[in-house]
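User: Please take a close look at a single part of this model. Pick one helix contact and follow it outward in one connected account.

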Amino acid sequence: MSDPAPQTDGNPALPLTTKDLTNLARPDSSFTPHTWSDLAHIIATNDLESLRRRPSDLKRYDQWTRETKETHGTTTNYICKERLAWTPLPIIPNREDAGPVFEVQNPFPFADGRDYKILRNDWPYGLEKGVEHLVVWLKNRLPVDPASEIGDLE
């Protein structure tokens, strides 16, 4: 018998959408995992807000997020220190772009293996069996097209 899923306490650590809140009220047995073709459509149409986790996974993820923020300040700090073992450069005041900046070995993305990591997502979306959720972490900044309404890369 598995442990009961943690309950959200009405003060979630994650920014939950109305769809997330509806999903949390459902049992896992009523959750339909995303298929490979669902994912292809979601990504092609940039409908990333359609991605969902199983209700019990979302509850555990919210609990983990709360605990991680208490111990590391932010989830970004945790990921950089514990998962990537990367040390951000000191923060530059009044910088236009957000997020940590890292020293890179090569200015070209993926040119040096020390500048990126590919990891399984610790908290994947609800995917059908056989589909893995990988995350590519880059030290290099990828320029975003300022004319794009959806954040396309240049």
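Analyst: An axis here is a line fitted to C-alpha atoms, for a helix over the stretch in contact, and the angle runs from 0 to 180 degrees between N-to-C directions. The model is predicted. The part to examine is the contact of α3 with α4.

First, the setting. The protein chain holds 4 helices and 2 strands. In sequence order they give the pattern α-α-α-α-β-β. The C-alpha trace spans about 50 × 35 × 30 Å along its principal axes. The chain has 154 residues, and 27% of them count as buried. Among contacts with a separation of 6 or more, 57% are between residues 24 or more positions apart.

Now the contact itself. Two packed helices are described by the angle between their axes and the distance between the axes. Helix α3 covers residues 55-72 and helix α4 covers residues 75-84; their axes come within 8 Å and cross at roughly 75°. An angle of 65 to 115 degrees counts as roughly perpendicular, so α3 is roughly perpendicular to α4.

Which residues meet? From α3 come W64, T65, T68 and H72; from α4 come T75, N77, Y78 and E82. By class, the contact has 2 nonpolar, 5 polar and 1 charged residues.

W64 leads on to the rings. A pair of aromatic rings is described by the distance of the centres and the angle of the planes. The model has 6 aromatic pairs. In one of them, Y61 and W64 lie 6.1 Å centre to centre, with 15° between the planes. Planes under 30 degrees apart count as stacked, so this pair is stacked. Both residues belong to helix α3, 3 residues apart, or about one turn of the helix. An α-helix has 3.6 residues a turn, so residues three or four places apart point the same way. Y61 has a relative accessible area of 19%. Buried means under 20%, so Y61 is buried.

The ring contacts reach further than this pair. Ring pairs link Y61, W64, Y78 and W123 into a cluster. Y78 also takes part in the contact of α4 with α3. Another ring, that of Y125, has R53 over its face, at 4.3 Å from the ring centre.

Next, the buried side of α4. Y78, C80 and L84 are buried there. The buried residues of α4 pack against α3 and also against two strands, β1 (116-120) and β2 (134-138).

What follows α4 in the chain, and what is its phi? A85 comes next, with a positive phi near 55°. A85 is found in the loop between α4 and β1. Its relative accessible area is 60%, so A85 is exposed.

N46 offers a second case of positive phi in a residue other than glycine, again near 55°. N46 lies in the loop between α2 (36-44) and α3. At 29% relative accessibility, N46 counts as partly exposed.

Last, the loop between the strands that α4 packs against. D122 sits between β1 and β2. At 40% relative accessibility, D122 is partly exposed. D122 and H133 are 11 residues apart in sequence, and their C-alpha atoms are 8.8 Å apart in space.

To recap: α3 and α4 cross at roughly 75°, Y61 stacks on W64, and the buried residues of α4 pack against α3, β1 and β2.

Note on methods:
Residues are numbered from 1 along each chain as its sequence is written. This is a predicted model: local features need pLDDT of at least 70, side-chain atom pairs count only at pLDDT 80 or more; totals for chains, interfaces and linings use all residues. Side-chain values use heavy atoms; hydrogens and water are left out. Angles under 35 degrees count as roughly parallel, over 145 as roughly antiparallel, 65 to 115 as roughly perpendicular and the rest as oblique. Contact means heavy atoms within 4.5 Å. Ala, Val, Leu, Ile, Met, Phe, Trp, Tyr, Cys and Pro count as nonpolar, Asp, Glu, Lys and Arg as charged, and the others, Gly among them, as polar. Rings of Phe, Tyr and Trp (its six-membered ring) pair if their centres lie within 6.5 Å; planes under 30 degrees apart count as stacked, over 60 as edge-to-face and the rest as tilted. Buried means under 20% relative accessible area, exposed over 50%, partly exposed in between (1.4 Å probe, protein chains only). A charge sits over a ring if NZ of Lys or CZ of Arg is within 6 Å of the ring centre and within 35 degrees of the ring normal.
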